[in-house]
Every structure is written in C-alpha cells, then in structure tokens.
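Trainee: I've got a structure open and no clue how to read it. Can we go through it together?

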Amino acid sequence: MTIIKGYKRPDGSVGIRNHVLLMPTVICSNQVVNRIGQQVSGTVAIPHQHGCSQVGKDKERTHQVLVGMGKNPNVGAVLIISLGCEVMNAEQIRNEIMETGKPVIWLDIQDEGGTIKTIQKGIEAAKELVKQVQDVPRVDIELSELIVGVKCGGSDATSGLCSNPALGKASDLLVSENGTIVMGETTEIIGAEHILAEKAVSAEVHHKLFDCIRNFEKEIDRMGVDMRGGNPSPGNIEGGLSTIEEKSLGCISKAGSSSLKGVVEYAEPIKGKGFYFMDSPGNDIECVSGMAAAGVHLVCFTTGVGTPTGNPIIPVIKITGNERTAKRMEDNIDIDTSAVLQGKETLEQAGERIFDEIVSVASGSLTKAEVLGHQEFSINRIGISL
Amino acid sequence: MAAYDFNSEMSSIVLDRKDNVATLLRDVKAGENITYTFEGKLQTLMVKSDIRFGHKVALYPIPKGERILKYGESIGAATEFIDRGEHVHVHNIEGIRGRGDARIQKEVKNS
C-alpha cells in the first residue's frame with residue numbers, strides 16, 4: 001500500500017494541494033478577481049468567458065464546473081466574486097461549495113458599490129482565507145484516495161507508440177492499488193470505441209460510451225465538415241498522424257488494461273474506484289478543466305510535439321515519447337519515455353517512472369507547469385450565447 | 001493489439017501482423033533501405049521519397065479505396081493507388097469517421 005502526503009478536508013475528502021480559489025461567477029468579474037489575485041499570494045484565479053446569456057443545459061454546465069472547481073479537495077477555501085445581474089446564481093454556487101465544510105466568502109460587485117470597493121474588500125477576504133488554510137497540515141493518505149486524469153495533447157506518432165502505452169502501465173499500477181483513473185476526449189476515441197467498449201463492465205456502460213460517440217458525430221455531420229485539420233490538428237498531422245482513427249487508436253492505451261466501470265458527463269463527480277470515461281471534447285484546456293471540476297486530483301498528460309498546459313488547481317504532469325521534444329521543450333516536459341523507442345527501456349519501466357512521479361507530485365513536488373505558473377482554465381459550452 | 005518490441009537497430013516498426021504500413025523511428029531519405037521485423041524476421045524496404053520520423057510508409061502496393069491498417073485496425077482508406085515504399089499520409093489517405101463533409105457532397109450530387 002502506497003502512502004502519499006495530502007490534506008484532509010472537513011467532509012472527509014482529501015486533497016493534494018491547498019489552494020485559495022478566486023472565482024468569478026461571470027466574465028464581468030474577471031478584472032476584480034485578477035486584481036485580488038495579484039495582491040494576495042497563495043491564491044489562484046479562474047477567470048473565464050461565461051456565466052451570462054446562457055440557458056438550459058449550457059447554463060447548468062457552467063454552474064457545475066464552477067461548483068466543481070470550488071468543491072475539488074485541492075482547494076482549501078473559496079472567494080466568489082459575482083457582478084449581481086448575471087445568469088449564474090452566486091448564492092447557490094456558494095451554498096453548494098459550502099456543503100464541503102470549507103470556508104467560502106462571497107462578494108457582489110453591485111452590492112459593494114463597484115470595482116475599487118470590491119477589490120479592497122476582496123483583498124481583505126482573500127488574505128483571511130489564506131491565513132485560515134495555511135495551517136492545514138499534510139498527513140498520510142492512502143494512494144487509493146487518488147483520482148488521476150489521463151489526457152494527451154499535441155500528439156504525434158510517438159504518443160501511440162510509447163508515451164500513451166507507458167502511461168497505461170502507470171494507470172494499471174494505480175488501479176491495482178484501488179485508485180481511480182479518468183480518461184476524457186470523446187473525439188479521440190472515434191475509430192477505437194469498439195476496443196474500449198469491450199472493456200465495459202455492463203451493457204449499460206457499453207451503450208453509454210457509444211451514445212457519446214454518436215452524439216459527437218451527429219454534431220460533425222450537422223456542421224458538414226471533415227474533422228481532419230481540427231482533429232487531428234495541423235500539429236498532429238505534421239507529427240505523422242493522418243486521420244482521427246489513427247490518433248484515437250494511439251490514444252486509448254493511456255488508460256491501461258482495466259475494465260471500464262462507468263461513463264460520466266463533463267465535470268460530473270467521479271463516485272467509484274477504477275477506470276472511468278468522461279464525455280468531453282479533446283480540447284486540452286476544456287478537458288483538463290472538466291476533470292478538475294469532476295474532482296480529479298492530478299492529470300498525467302502525454303504530448304508528442306510539446307505543450308505547456310497546466311491548471312489552476314490540479315497539477316499536470318507532462319510526459320513525452322519524442323526525444324526531440326523532450327530536449328527542445330525541456331521547460332515543459334516532466335518525463336521523457338523516448339528510451340522505449342530505442343529499446344533501452346521497457347514500457348513497464350517507463351510506466352513505473354510515471355507512477356513514481358504521480359506519488360511524488362501527489363505528496364507536494366511541483367510539476368514544471370506549476371513552477372512556470374501555467375494555470376489555463378476554460379469551460380466547455382454546449383449552447384449559443386443569447 | 002499484438003505486443004511488439006522496440007530495437008535500436010531498426011529504423012521502423014510494424015505494430016501488428018495485419019498492418020500494411022510501418023512507422024518510421026527516424027528520418028529517412030529517398031532510395032534508402034529501411035529495416036523492420038515482421039514475425040520475428042528482419043525485413044528491408046526501399047523508400048521512394050524523403051519521409052520524416054513518426055510518419056508511415058507502405059509495406060505493400062495498396063489499391064485505391066483499400067483500408068490502411070495500423071495497430072491491426074483501420075485508420076482510413078487510400079484515396080489513390082499507393083506503391084510499396086511510398087509515404088502514406090494525408091495526401092493519399094482519408095479518414096472514414098468524423099466526415100460531415102460526406103453528407104454535404106452527397107447532397108450536392110443529388111441536387
């Protein structure tokens with residue numbers, strides 16, 4: 001049984017980071033949130049484009065992502081900044097996050113009387129929250145508590161040859177310790193769904209997976225376009241990937257060989273142990289943000305051509321199988337698995353190195369994305385702006 | 001998907017015995033002989049153009065419309081005849097899935 005050092009939250013959940021989250025409920029609050037973040041260290045901000053002119057499922061999705069970010073156990077306390085007239089219901093967001101027992105403060109720009117007054121009060125509030133969470137100690141936690149997202153972005157041919165299958169070995173090690181793996185990217189299982197569906201634990205899970213694909217392909221059909229050029233992207237094509245099917249067949253190995261326990265919606269909390277699939281776009285930032293909102297603690301992210309992706313609240317470990325990328329983008333790459341391609345390391349050995357890095361990062365080691373301040377965040381939208 | 005082994009001596013890899021393409025493990029020049037193992041035996045193949053690391057090369061002549069197989073699975077279809085040793089990529093193969101444009105083409109044809 002592997003032990004990590006994490007934070008116990010009042011509701012019994014455990015986190016591996018101890019952030020104070022600054023959350024705008026709507027784009028109109030971004031500037032106020034950013035100014036507070038600049039003044040108070042120990043905080044992370046999630047400026048975004050949404051929160052108003054939204055209805056139905058699209059509105060619910062933004063609400064769920066904001067609540068999920070607040071509830072994620074990597075967050076110790078939350079400061080919510082609303083404008084006052086937006087579609088998002090700030091009071092409801094606050095109440096749902098407060099169910100976790102963590103400190104939450106809510107300020108409204110129209111109630112406070114404008115930008116300057118809200119920034120002033122927000123700085124005071126953020127400072128208080130940082131003081132409240134700073135004394136939470138790191139304690140021993142079983143690795144089985146960990147929920148790890150597996151994701152690939154900026155793929156090339158090496159992704160399918162070594163970084164994804166090596167990550168798959170690490171995924172198997174995690175699941176063997178009763179941990180949890182979440183794979184997203186509905187787009188990037190197109191052409192490989194029959195292989196993934198064979199792993200489904202029930203007919204229901206099997207059907208749910210095919211439903212995700214069908215709905216996505218319906219959208220592509222409605223748009224009347226060839227996916228190629230959007231996904232695989234120009235960079236993927238440059239790297240040798242010719243079609244979405246080829247990319248997908250290289251993608252799915254990152255989840256390892258475990259049975260597929262369930263299919264969840266974008267940002268839907270993961271409630272069980274083992275391997276889950278999240279219906280999400282392949283877009284790196286939207287997918288990782290959806291994972292963070294679903295309660296994922298950290299993401300293992302393979303890349304062929306190299307990408308700096310991080311997240312405000314969850315560490316993102318960058319893994320490549322491309323030796324040139326490992327050297328050229330050393331700033332951004334945490335693990336190089338290219339020795340596998342030269343026959344100098346086995347996939348199992350590379351997988352063990354990834355597993356060790358997961359344990360180390362879960363216990364507090366910083367990823368390169370964290371050191372460099374990469375905090376990309378974006379919310380997937382499924383409706384039009386009104 | 002069959003298991004495969006990497007070997008530093010090889011310049012390309014065939015991932016499954018059903019495959020009709022190999023993936024290059026280094027940049028190669030036109031006229032160069034590349035090596036790969038197939039069912040445990042060393043094979044060589046002359047490539048017809050400069051092809052970059054990570055890109056694919058045809059192992060056999062592939063007729064137009066035939067499926068391209070990698071990992072033992074279909075990754076698309078040939079849009080023209082592809083000769084043994086030719087670069088296999090977006091210029092001569094297309095995806096079968098995610099093709100909303102196929103609906104539009106059909107509509108134009110029927111109108």
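Trainee: What share of the residues of chain B count as buried?

Mentor: A residue is buried if 20 or more other C-beta atoms, placed from the backbone, lie within 10 Å of its own. In chain B, 35% of the 111 residues meet that mark. Bear in mind that this is a predicted model, where local features need pLDDT of at least 70, side-chain atom pairs count only at pLDDT 80 or more, and totals for chains, interfaces and linings use all residues. Residues are numbered from 1 along each chain as its sequence is written, with chains lettered from A and ligands numbered from 1 in the order in which they are written.

Trainee: Which pattern does chain B follow along the sequence?

Mentor: Helices (H or I, at least four residues) and strands (E, at least two) are DSSP runs, numbered from the N terminus. Chain B has nine strands and one helix, in the order β-β-β-β-β-β-β-β-β-α. Its C-alpha atoms fill a box of roughly 55 × 30 × 20 Å along the principal axes.

Trainee: And chain A, what are its domains?

Mentor: Domain bounds come from an automatic or database assignment. For chain A that gives domain 1 (19-134) and domain 2 (143-371). Their centres, taken over C-alpha atoms, are 29 Å apart.

Trainee: How many residues of domain 1 of chain A are in contact with domain 2 of chain A?

Mentor: Contact means C-beta atoms, placed from the backbone, within 7 Å. Here 13 residues of domain 1 of chain A are in contact with 13 of domain 2 of chain A. On the domain 1 side, α2(A) gives the most, with five residues.

Conventions
A residue is buried if 20 or more other C-beta atoms lie within 10 Å of its own, exposed if 12 or fewer, and partly exposed in between; C-beta atoms are placed from the backbone. Two residues are in contact if their C-beta atoms, placed from the backbone, lie within 7 Å.
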